[in-house]
Amino acid sequence: MAPPSAIDISVKPRVLIADDSRIVRATLIKHIEGMFDFREALNGEEAWETLLIDPNIKVVITDLTMPKLDGYGLLQRIRSSKISRIREIPVVVVSGSDEGAERERAKAAGATDLITKGIGTAQLLSRLDILSKLVATQREFERSLEVLVRKIEPVAALQLPTIDAFRAKATSLLETAANARKNFVLLNVCIGLKHVGLEGAAMSPPASVSRAIGQLLQSTVRETDHVAQLGEAEFTVATGSINFDSARFFAQRVCRAIAGAHLVSDESMSFIASCGVVSLSDPGIDPNMVTFDELLDRARNRALLGIGGSVTGVVGPEEEAAVLCGQQIASLPMGKEGESQLASPDLATLLQWIREGRQNEVLPHLGRLSADLQPLVDLVLKRGK
C-alpha cells in the first residue's frame, strides 16, 4: 500500500473504509464517491497504518469482524492514541444488524455511530457530511474564541432571535421532525468560570466571552438549525434530521473547545461548559405528544446538573439516570480529552445489583457491562468448542 503524498490534499473530505470484504467496500464507495474522497484498508492493522500516515482522513468507517485486528481492536487503538487528530476522529461502525446489544458494545468501545450494511445512499451521505464537518469544529472554535475575546474593540451585540421567535422556529422544526418520523434534538449549553481545585458554584463568565460563544454557535450550526441565548451564560441549539450520537458528538466538541480555549490569563481560573442534550429518541418521550417547552425544560435541567457539579461535558439520558440512582455529578472525573466520564460502579457491584433485582439501576451502565463481560463469554465459548 503506497503512502499518500505529502501534497495529496483532496478538496473533498476523506473517508477511510476498513473492511475485509471487497463487496462491502465497493458498495460503500459507490454510495459516497463524488461527495467524498476515500481510502481503503483490508483489515484493522492496515487501517491503523493508514491513519498514522494520512492526516487528511476525517472519518473512519470500519467493520467489526476483520483479520489481524478487528473493529474493536482498531477502536481501542484510536481512542487511546496520543495523537489528538486520531484519538478524536469520528468512527462509524458497519454492522450486519441493528441490534441494541451490538450498538451498545460498539458505543462503549468508542464508536461515534453505527450503520447497517443496507443503509441508503442519502442517509449515509448525510451522516458522513455531518461528522466530517464536526472534525474541525473543536480547534476552530477554540481559535476563534481566543481571537474574538482578545479583540481590542468589543464584540458586537449578538443578533440572536428572541426566546419567542426561537420557540416558534423550534416548534415548527419539532413538528416537522415528528410528522416525518425524524429526530429532533435540543442542546442547552451552560458556561461557568471556576477556581481550579476549589469546590463551589461556578461563576458567570465575562460578558465578552458569552458574546463570543454565542457568535460562534450561530456561525457554526447549519442554516436549518436555530440558536438562542436564554441567560447570561446559557445558549440553546435546536436541530432536526440528525441522530442523537452525532448531536452528542457535536456537543462534546463544543464543550471541549470552550474549556480548552485560552480565555483567561489567571492560571487559577478555568472555564467549564456543560451541555444538556435531549431528543425525540430519549426513553419515555412520545414524539407526537411532547411539546417544545417540555423538551427545553429537560435539556436545561440536564445542563444544570453538570454546571452545578462543575463538570465539563455532555449530560444526556444516561448521566441523568445515574444521578436519579444516587450518583453525584460532582464525582464525575474529567477524561483526558476533556469529556465528562460517568463514575460507574465496578463490575462486581453491577452484577450484585442484577441479583438483587435492581435492573433499572444497571441500565445506564449496560454498554460497559456488555463490553467487560465479552472477553469472559469469548473464553467460555472457546473452551466449549
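Select Glu-234 to begin: in this predicted model, Glu-234 is buried, with a relative accessible area of 12%. Its side chain meets that of Arg-300 in a salt bridge, at 2.6 Å from N to O. Display both residues together, since the pair links distant parts of the chain: Glu-234 belongs to strand S8 (residues 234–240), Arg-300 to helix H11 (residues 292–308), and the two positions lie 66 residues apart in numbering. Arg-300 is partly exposed, at a relative accessible area of 29%.

**The sheet around S8**

Next, select the sheet to which S8 belongs. Five strands form this open sheet, in the order S7-S8-S6-S9-S10, and their pairing is mixed. Its edge strands are S7 (226–231) and S10 (313–315), each of which pairs on one side only. From one strand to the next, the twist averages 25°.

Restrict the view to S7 and S8. These two strands run antiparallel and are joined by five bridges. To locate one of the bridges, select His-226, whose partner in S8 is Ala-238. Then add helix H10 (residues 244–260), which packs on the sheet and touches S6 (184–195), S9 (269–279) and S10. The direction of H10 makes about 165° with that of S9.

**An aromatic pair between H8 and H11**

Return to helix H11 and select Phe-292, together with Phe-166 of helix H8. How are the rings of Phe-166 and Phe-292 arranged? The arrangement is edge-to-face, with 5.8 Å from centre to centre and 70° between the planes. The count of aromatic pairs in the structure comes to one. The two residues lie 126 positions apart and link distant parts of the chain. Phe-166 is buried, with a relative accessible area of 0%, and Phe-292 also counts as buried, at 3%.

**A salt bridge within H8**

Stay on helix H8 (residues 163–179) and select Asp-164 and Arg-167. These residues form a salt bridge, with the closest N and O atoms 3.2 Å apart. Why are Arg-167 and Asp-164 separated by about one helical turn? They are three residues apart in the helix. In an α-helix there are 3.6 residues a turn, so residues three or four places apart point the same way. Asp-164 is exposed, with a relative accessible area of 53%, whereas Arg-167 counts as partly exposed, at 27%.

**A salt bridge between H1 and S2**

Move to Arg-25 in helix H1 (residues 22–32) and Glu-40 in strand S2 (residues 37–41), which are 15 residues apart. Their side chains meet in a salt bridge at 2.8 Å, N to O. Is Arg-25 buried or exposed? At 8% relative accessibility, Arg-25 counts as buried, while Glu-40 is partly exposed, at 34%. In total, the structure holds 10 salt bridges.

**Helix H9**

Finally, select helix H9 (residues 207–220) and draw a distance between its end C-alpha atoms. At 1.5 Å a residue, the 14 residues of H9 should span 20 Å, and the end atoms are indeed 20 Å apart, so the two values agree. To see which parts of H9 are covered, colour its buried residues: Val-209, Ser-210, Ala-212, Ile-213, Gly-214, Leu-216 and Leu-217.

Key:
Residues numbered from 1 in each chain as written. Predicted model: local features only at pLDDT ≥ 70, side-chain atom pairs only at ≥ 80, totals over all residues. Heavy atoms only, no water. Helix = DSSP H or I, 4+ residues; strand = E, 2+ residues; numbered from the N terminus. Expected span 1.5 Å × (residues − 1). Buried < 20%, exposed > 50% of the residue type's maximum accessible area, 1.4 Å probe, protein only. Salt bridge = Lys/Arg side-chain N within 4 Å of Asp/Glu carboxyl O. Pairing = 2+ DSSP bridges. Axes fitted to C-alpha atoms, helices over the stretch in contact; angles between N-to-C directions. Contact = heavy atoms within 4.5 Å. Phe/Tyr/Trp six-rings, centres within 6.5 Å; stacked < 30°, edge-to-face > 60°.
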